[in-house]
Amino acid sequence: MLVVEDDQFVRSALIRHLTEASHTVRSVGTALEALREVAHHRFDVVILDLGLPDLDGSEALKMLRGITDVPVIIATARDDEAEIVRLLNDGADDYLTKPFSVEHLSARMSAVLRRARAAAGAEPPSRVLRVGGLAIDPLRRQAELDGAVLDLTRREFDLLAFLAGRPGVVVARRELLAEVWQQSYGDDQTIDVHLSWLRRKLGETAAQPRYLHTLRGVGVKLEPPR
């Protein structure tokens, strides 16, 4: 799990108690560090404080939801009901008001994980998309390259799965923004950054592509290596 908390005393206490409860814990003190962590690691739960020094936690939550579907539990001293409702509507899975006991947090974490696993288990079997050595299972949200599981963020997986559903077809950036990011307009740099991360995990570069090919001014396509 990832603990995002800028108060060093609270952070250390959470890490100690969660580790004693047999959880594997990583921790950061800023929103930027949290976004970097979820972009490069897979977590079961994120515990997010709202009073972060670089970005308000509510904005951090929206940004997290742009790249991952990991369960997020808000842990903060704020207790305004309207704000709690807004955060839950923005993608938080649960909300804890400080101070709280570790037992209370553990119970909330267990409930969130049960719901997440139940939702995953209720999904029907899916058709696996195959492009060369790539195998993408949209419902299990798992991708493999030559039999090895790829550690992808939510947005990286969505991008790869969308392109894999159209092998060899050049997809315009506007279509990627609409279908993968659910935006009618946006910055091309957002796509470029995610393509760069995805290429790195596929073991390729823009200069030496294997699967992902960019046609300047046109779009992107995914096809098997030649």
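Trainee: Before we start, what do you mean by exposed?

Mentor: Exposed means over 50% relative accessible area, buried means under 20%, and partly exposed lies in between. Keep in mind that this is a predicted model.

Trainee: Why is Arg42 called exposed?

Mentor: Arg42 has a relative accessible area of 54%. The cut-off for exposed is over 50%, so Arg42, at 54%, earns the word.

Trainee: And what makes Asp151 partly exposed?

Mentor: Its relative accessible area is 34%. Partly exposed sits between the 20% and 50% cut-offs, so Asp151 at 34% belongs there.

Trainee: How do you know that Asp151 and Arg42 form a salt bridge?

Mentor: Their side chains come to 3.7 Å, N to O. The rule asks for a Lys or Arg nitrogen within 4 Å of an Asp or Glu carboxyl oxygen, so the pair of Asp151 and Arg42 at 3.7 Å passes. This pair links distant parts of the chain, 109 residues apart: Asp151 is in the loop between β9 and α6, while Arg42 is in the loop between α2 and β3.

Trainee: What makes Lys62 and Glu59 a salt bridge, and where do they lie?

Mentor: Here too the N to O distance is 3.7 Å, and the limit is 4 Å, so Lys62 and Glu59 count as a salt bridge. Both belong to helix α3, three residues apart, which means about one helical turn separates them. In general, an α-helix has 3.6 residues a turn, so residues three or four places apart point the same way. Lys62 has 41% relative accessible area and Glu59 has 37%, so each counts as partly exposed.

Trainee: Why is Arg65 called buried?

Mentor: Arg65 has 14% relative accessibility. Buried means under 20%, so Arg65 counts as buried. Its salt-bridge partner is Asp93, with the closest N and O atoms 3.0 Å apart. Asp93, at 33%, is partly exposed.

Trainee: What does the pair of Arg65 and Asp93 tie together?

Mentor: Arg65 lies in helix α3 and Asp93 in the loop between α4 and β5, so the pair ties together parts that are 28 residues apart in sequence. There is also a network, in which salt bridges with shared partners join Asp56, Arg78, Glu83, Arg86 and Asp90.

Trainee: How many salt bridges does the rule give?

Mentor: The count comes to 18.

Trainee: One more: what makes helix α6 mostly covered?

Mentor: Ten of its eleven residues are buried, among them Phe157, Leu160 and Phe162.

Note on methods: Residues numbered from 1 in each chain as written. Predicted model: local features only at pLDDT ≥ 70, side-chain atom pairs only at ≥ 80, totals over all residues. Heavy atoms only, no water. Buried < 20%, exposed > 50% of the residue type's maximum accessible area, 1.4 Å probe, protein only. Helix = DSSP H or I, 4+ residues; strand = E, 2+ residues; numbered from the N terminus.
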